[in-house]
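I opened this notebook to keep track of what I looked up, entry by entry. I begin with a helix and what comes after it, and then turn to the core and the rings.

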Amino acid sequence: SAMPKETSNYIKRQKSRQKEGEGFRIVRVPPHRFNPLKTEWMAIYTPIVEHCGLEVRMNIAKRQVEIRLPKNDPSSIDPALLNKASDFVRAFVLGFDIADALAMLRMEDIFIESIQVKDVKTLEGDHLSRCIGRMAGTQGKTRFTLENSTTTRIIVQDTNIHIMGTMTNIRVARRAISELIRGSPAAKIYTSVRGKMNAISNAL
């Protein structure tokens, strides 16, 4: 199915920072992620307020999450926590579980990279549907195998793929996904990924 226009626009907006004031961050929420946000709100609110010392609110009218430094003593909080908190919320909005999204808040070297199927190969109709099916695999097997072998988390959302992990591991996962989109056999890709991850491990 075609991606809702709001979602497509939302992803484009993530490539550049919102118009945000000093000490203030906005994360816009596409319609299909608003109910999950409301359901998980306390799991999002608590670490931002209790662990980061920031203020956060859900703006229902504008369908966005607003995060800011505390009004009473803004200088007491490291401004870098604002970026971490907004990255945490963005990860959840993109479709990652709360437990995975929390890595954006707690770890220094975790990032998210998004790729679109059409940027790798131009596909339409049934060809596109089959390609998306190949990325997930039977009962999600392909995605889980790639996640486990590259130590990443992968979200397949219509024709968009979001990868969370270290930059090195994201590169390996991105190349594997690109090969999968181009039609390479999954077994061949797994072998290649294992070789690359072993090389990275040995280099460390």
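Entry 1, the end of a helix. I looked just past helix H4 and found Gly95, whose phi is positive, near 120°. I keep in mind throughout that this is a predicted model.

Entry 2, the helix itself. I checked the length of H4: at 1.5 Å a residue its 15 residues should span 21 Å, and the end C-alpha atoms are 21 Å apart, which agrees. I then asked how many of the 15 residues of H4 are buried. The count is 11, so H4 is largely enclosed by the rest of the structure. Among the buried residues I noted not just nonpolar ones such as Phe88 and Val89, but also Lys84, Ser86 and Arg90.

Entry 3, the cores. The largest nonpolar core has 32 residues, and I listed Ile44, Ile48, Leu54, Val65, Ile67, Phe88 and Val89 as those with the most contacts inside it. At least two residues each come from helices H2 (34–39), H3 (41–51), H4 (80–94), H5 (98–101) and H6 (103–106), and from strand S3 (64–68). H4 gives the most to this core, with eight residues. Apart from this core I found another, of 17 residues, which includes Ala173, Leu180, Ile189 and Tyr190. As background, I wrote down that nonpolar side chains tend to be buried together in soluble globular proteins.

Entry 4, one core residue. Leaving out residues up to four places away in sequence, I found that Val65 touches Arg25, Ile26, Val27, Val29, Leu37, Trp41, Val56, Arg57 and Val89.

Entry 5, the rings. I found one aromatic pair. Trp41 and Tyr45 form this pair, which is tilted, with 6.2 Å from centre to centre and 50° between the planes. Both residues lie in helix H3, four residues apart, about one turn of the helix. Is each of the two buried or partly exposed? Trp41 has a relative accessible area of 13% and is therefore buried, the limit being under 20%, whereas Tyr45, at 31%, is partly exposed.

Entry 6, charges over rings. The charged end of Arg33 sits over the ring of Phe92, 4.6 Å from its centre. I noted another case in Arg63, whose charged end sits over the ring of Phe34, 4.6 Å from the centre of that ring.

Entry 7, an arginine in another helix. I placed Arg143 in helix H9, residues 141–150. Its relative accessibility is 22%, so Arg143 counts as partly exposed. Arg143 and Arg153 are 10 residues apart in sequence, and I noted 8.7 Å between their C-alpha atoms.

Methods
Residues numbered from 1 in each chain as written. Predicted model: local features only at pLDDT ≥ 70, side-chain atom pairs only at ≥ 80, totals over all residues. Heavy atoms only, no water. Core = buried A, V, L, I, M, F, W, Y, C linked by side-chain atoms within 4.5 Å. Buried < 20%, exposed > 50% of the residue type's maximum accessible area, 1.4 Å probe, protein only. Contact = heavy atoms within 4.5 Å. Expected span 1.5 Å × (residues − 1). Phe/Tyr/Trp six-rings, centres within 6.5 Å; stacked < 30°, edge-to-face > 60°. Lys NZ or Arg CZ within 6 Å of the ring centre and 35° of its normal.
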